[in-house]
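User: I'd like to learn how to read helix packing, burial and cysteine geometry in a model. Could you walk me through it with an example?

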Amino acid sequence: MNVREAIAQGSADLKFADIQSPGLDASLLLAFVLKTSRTSLIASGTKKVSEDDCAAFCELIERRCNGECVAYLTGKKEFRGLEFEVNKSVLVPRPDTETLVEAALELLPAASSGAVLDLCTGTGAVAVSLKNERPELEVWAADISIEALETAKRNAKRLGKDVRFHNGDLYAALPSLNNPFNMIVSNPPYIPTREIQSLAAEVQNEPRIALDGGDSGLDIIERIIDGAPDHLLNGGYLLLEIHPPLVQEIKVLLEKKGFKDIQLYKDLSGLQRVIGGRYEN
């Protein structure tokens, strides 16, 4: 079997299993097995695939058919041009979350120093991306999961980005209250519990603690908003990735806590994915 034939067979199996992007997934998995890039793989369509590599590829295709995402199978995912390690202790970084980074960069003055806190950091994708694109920033990151935080630390170290990581429950992770930030960003758990079972199978395989926002979807978001004033400089910003149906409820929570100039940012699908405001005391 050659490369082109292997991709065709893998694509057919994935399509039969109702995988949304069978051709892309099959080529990514074969590229991973052959230790090459997808571009190089496609250019070598007539190259023979060894029996051992065919067996490894077929195993990955079967696991993908059973709902494991490509990122978990390959152990990596690209986010804003950087490659991040992923595993089953973290959410897979998604293009929608780039909206959060873009909003932060828009509000942070170019080439200015300052401190940013990333809560629920997971892979560290948001924190590391901000440090990568604004090296002058002092970036802090926190997560309640020790396993997730270790993954984030490895990503930051491998990519050569200096981020201060802390383990704990939201603001309790910070060493003291004497650390006001110019901005707090977060992609917190925000899916209402009742909706978890309706998510795609591959999403349901991701860590529940990073998805489940409680009965209303607002459990963690309310706590982040409530504690933000104690950790923001006057005029500092809070930015949250959110579940689009909850946008009006979150806007009210921000207003009640003293946030002004509340803005909404749309993701690639045109959904209101990020909300943020400026705090004034």
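Analyst: Below we take helix pairs, then burial, single residues and cysteines.

Analyst: A word on the ground rules before your questions. This is a predicted model, in which local features need pLDDT of at least 70 and side-chain atom pairs count only at pLDDT 80 or more, while totals for chains, interfaces and linings use all residues. Residues are numbered from 1 along each chain as its sequence is written, and side-chain values use heavy atoms, with hydrogens and water left out.

User: Thanks! At what angle do helix H1 and helix H4 pack?

Analyst: First, the general idea. Helices (H or I, at least four residues) and strands (E, at least two) are DSSP runs, numbered from the N terminus. Axes are lines fitted to C-alpha atoms, for helices over the stretch in contact, and angles run from 0 to 180 degrees between N-to-C directions. In this model, H1 (residues 3-16) and H4 (residues 51-65) pack at about 20°, and their axes are 9 Å apart.

User: How should I put that angle into words?

Analyst: Angles under 35 degrees count as roughly parallel, over 145 as roughly antiparallel, 65 to 115 as roughly perpendicular, and the rest as oblique. H1 and H4 are therefore roughly parallel to each other.

User: Which residues of H1 and H4 make the contact?

Analyst: Contact means heavy atoms within 4.5 Å. From H1 come Ala 6, Gly 10, Asp 13 and Leu 14, and from H4 come Phe 57, Ile 61, Arg 64 and Cys 65. To sort them by class, Ala, Val, Leu, Ile, Met, Phe, Trp, Tyr, Cys and Pro count as nonpolar, Asp, Glu, Lys and Arg as charged, and the others, Gly among them, as polar. The contact of H1 with H4 then has five nonpolar, one polar and two charged residues.

User: And how does helix H2 pack with H4?

Analyst: H2 (residues 22-33) packs with H4 at an angle of about 140°, the axes being 9 Å apart. That makes H2 oblique to H4. On the H2 side, Asp 25, Ala 26, Leu 29, Leu 30, Phe 32 and Val 33 meet Asp 53, Ala 56, Phe 57, Leu 60, Ile 61 and Arg 64 in H4. By class, that contact has nine nonpolar, no polar and three charged residues.

User: Now burial. How many residues of helix H6 are buried?

Analyst: Buried means under 20% relative accessible area, exposed over 50%, and partly exposed in between (1.4 Å probe, protein chains only). H6 (residues 98-107) is mostly covered, with seven of its ten residues buried. Those seven are Thr 99, Leu 100, Val 101, Ala 103, Ala 104, Leu 105 and Leu 107. Their cover includes helix H7 (125-133) and strands S1 (76-79), S6 (181-186), S7 (232-241), S8 (259-266) and S9 (272-279).

User: How do H6 and H7 cross?

Analyst: Their axes come within 10 Å and cross at roughly 40°. That makes H6 oblique to H7. Leu 100, Val 101, Ala 104 and Leu 105 of H6 make the contact with Val 126, Ser 129, Leu 130 and Glu 133 of H7. Six of these contact residues are nonpolar, one is polar and one is charged.

User: Let's try single residues. Is Arg 273 buried or exposed?

Analyst: Arg 273, in strand S9, is buried at a relative accessible area of 10%. Leaving aside neighbours within four places in sequence, its contacts include Asp 96, Tyr 190, Glu 241 and Asp 267. Ser 11, in H1, is also buried, at 14%, and it touches Pro 22, Gly 23 and Ala 26, not counting residues up to four places away in sequence.

User: Where does Leu 159 lie?

Analyst: Leu 159 is in the loop between helix H8 (146-158) and strand S5 (163-167). With a relative accessible area of 21%, Leu 159 is partly exposed. Beyond four places in sequence, Leu 159 is in contact with Leu 82, Glu 83, Phe 84 and Val 128. The C-alpha atoms of Leu 159 and Val 128 are separated by 8.2 Å, although the two residues are 31 apart along the chain.

User: Last one: how many disulfides are there?

Analyst: A disulfide is a pair of cysteine sulfur atoms within 2.5 Å, and by this rule the count comes to zero. The sulfur of Cys 54, a buried residue at 16%, has its closest cysteine sulfur in Cys 58, 6.1 Å away, too far for a bond. For Cys 120 the closest cysteine sulfur is in Cys 69, 20 Å away, also too far for a bond.
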